[in-house]
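Got the viewer open and a selection box ready? Let's take a walk through this one, a stop at a time.

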Amino acid sequence: MNKSALIFGVTGQDGSYLSRLLLKKGYVVHGVIRRSSSINTKRIDDIYQEPFTKKKYFILHYGDVTDGSSVFDLIKKIKPKEIYNLAAQSHVAVSFQVPEYTSNADALGSLRILDSIVKINPKIKYYQAGSSEMYGKVQSFPQTEKTPFYPRSPYAVSKVYAHWITINYRESYNLFACNGILFNHESPLRGETFVTKKIVKALCKIKQKKQRRLYLGNIYSKRDWGHAEDYVVAMWKILQYKKPDDWVICTGKQYSVKEFINLVAKKINLDISWKGKGLKEKAFSKDNKIIIEIKKRYFRPSEVDNLKGNSSKAKKILKWKPVKDLNNLIQDMVTYELKKLSNEK
Ligand code: NAP
Ligand code: G4F
């Protein structure tokens, strides 16, 4: 009998990598997609199976974590062994623009799934996609499972709710419900408006003279960036461990956004030099043209300046460690972007 998993958020970066991992492991994977006016399944199109395929191992269903009845009905119909809740309005800056929707999806979405599990089958294992954003204004350094949270955005506050409701349901109803506290993870499939993807995409285009300028916000915040391909392995391991628990998943290395830009520029042999300070700071090309400008509109009402995790617990107990470092990550992202540009010729 194949194991079955249900992924909320299957069309996202992590949903795509996780689906591939589970399919490789012989799972039947059910994914929840939302209706949208234009098709948004490009990250999973290559593993999609026609509805008429006889033996289906990748099955998509319409649903939405803001719609409790669809959540309940899907879990009841599919009866999966494992549920991965990756569904979220996951952009921190956007969460200040749509705080109520973000809270509904990111906080109450988790509650809806957990409550359905209790009512349908409390043996279903549950993974909650928690975030290092929950540490926000960091209270200790580096951050571990014991570091207190200090969320700094509607997104992060919602994730803190999801974290604690997962623990509460675990303790109240004896659920196998786990929190992964994942630090930033990127890949060629990263959403276009997250800073790493925005930088790689723009610098590759600038190098080929297909774009003139890149506009960014705070380039002095620091992040612990890993590769999504490694992080979905951690999600799976978390649900295979003998008991439910909460886990920090990170690389333990930290770089600023500016350092990330310099590394990408070096990788594609783009000469850049920086001049000025604050909003007047700019990056120039070899021929003295402005290629990067800082714009106030990309700053957040409150920023998370400094994230760096410690995943010793996952390393020791789950035997998880990242395989790809920042150099591998940048290489993968750059290769993907350059190939895409050459296909556009
Ligand atoms: P992502 O690319 O933005 O994907 C989010 C997924 O959630 C998409 O499939 C999206 O569907 C879906 N979704 C959004 N609202 C939904 C709703 N109301 N009902 C059902 N599905 C909904 O995010 P990601 O980078 O893969 O991250 C996966 C999860 O991990 C998210 O919960 C994120 O907050 C969390 N996380 C991410 C990171 C990171 O660095 N990537 C770090 C820590 C935690 P559409 O395609 O239809 O929009
Ligand atoms: O790439 P970002 O938007 O990621 P952020 O805010 O760290 O959130 C991501 O990681 C979290 C895990 O810690 C996830 F939970 C969350 O879902 C998401 O995946 O921004 C990174 C940094 C920030 O400090 C931001 O202010 O880059 C800075 N930044 C500077 N200029 C920018 C820009 N961010 C974006 N998105 N766009 C800019 O132009």
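Which elements do the buried residues of α6 pack against? Before answering, keep in mind that this is a predicted model. Now select α6, residues 195-207, and show its surroundings: the buried residues pack against β7 (185-186), β8 (214-216), α8 (257-267), β15 (290-294) and α10 (326-344).

**Stop 1: along α6**

Turn on side chains for the buried set, which is Thr196, Lys197, Ile199, Val200, Ala202, Leu203, Cys204 and Ile206. In an α-helix there are 3.6 residues to a turn, so residues three or four places apart point the same way. For a quick check of the helix geometry, put a distance between the end C-alpha atoms of α6: you should get 18 Å, which agrees with the 18 Å expected for 13 residues at 1.5 Å a residue. Step just past the helix to Lys209, where phi turns positive, at about 55°.

**Stop 2: Phe260, across from α6**

Next, pick Phe260 in helix α8. With a relative accessible area of 0%, Phe260 is buried. Leaving aside residues up to four places away in sequence, Phe260 touches Thr196, Ile199 and Val200, and also Trp225, Leu326 and Ile330. The first three of those names are in the buried set of α6 too. For a sense of scale, draw a line from the C-alpha of Phe260 to that of Asn121: 45 Å, for two residues 139 places apart along the chain.

**Stop 3: the sheet**

Switch to cartoon and find the open sheet of seven strands, which runs β3-β2-β1-β4-β5-β6-β11 with parallel pairing. The edges are β3 (58-62) and β11 (246-249); each has a single partner strand, so one side of each is left without a neighbour in the sheet. Look down the sheet and you'll see the twist, averaging 20° from one strand to the next. Then add helix α4 (residues 99-120), which packs on the sheet and touches β1 (4-8), β4, β5 and β6 (177-182). The direction of α4 makes about 165° with that of β5.

**Stop 4: β5 and its neighbours**

Zoom in on β5, residues 125-131. Six of its seven residues are buried. On one side, β5 pairs with β4 (residues 82-85) in the parallel sense over four bridges. Glu82 stands opposite Lys125, and Asn85 has Gln128 as its bridge partner. The pairing of β5 with β6 is parallel as well, over six bridges, with Ala129 opposite Gly180.

While Lys125 is on screen, follow its side chain: the charged end sits over the ring of Phe176, 4.6 Å from the ring centre. A similar sight is Arg190, lying over the face of Phe194 at 3.9 Å from the ring centre.

**Stop 5: ring hunting**

How many aromatic pairs does a search of the whole structure find? Seven. Select Tyr231 and Trp320 for an edge-to-face example, 5.5 Å centre to centre with 90° between the planes. Tyr231 belongs to helix α7 (residues 228-240) and Trp320 to the loop between α9 (312-318) and α10, so the pair ties together parts 89 residues apart in sequence. Are these two rings' residues buried or exposed? Tyr231 is buried at 0% relative accessibility, and Trp320 is buried at 2%.

Last pick of the tour: Tyr135, Phe149 and Phe183, which form one aromatic cluster.

Conventions. Residues are numbered from 1 along each chain as its sequence is written. Chains are lettered from A and ligands numbered from 1 in the order in which they are written. This is a predicted model: local features need pLDDT of at least 70, side-chain atom pairs count only at pLDDT 80 or more; totals for chains, interfaces and linings use all residues. Side-chain values use heavy atoms; hydrogens and water are left out. Two strands pair if DSSP finds at least two bridges between them. Helices (H or I, at least four residues) and strands (E, at least two) are DSSP runs, numbered from the N terminus. Axes are lines fitted to C-alpha atoms, for helices over the stretch in contact, and angles run from 0 to 180 degrees between N-to-C directions. Contact means heavy atoms within 4.5 Å. The expected span of a helix is 1.5 Å times one less than its number of residues. Buried means under 20% relative accessible area, exposed over 50%, partly exposed in between (1.4 Å probe, protein chains only). Rings of Phe, Tyr and Trp (its six-membered ring) pair if their centres lie within 6.5 Å; planes under 30 degrees apart count as stacked, over 60 as edge-to-face and the rest as tilted. A charge sits over a ring if NZ of Lys or CZ of Arg is within 6 Å of the ring centre and within 35 degrees of the ring normal.
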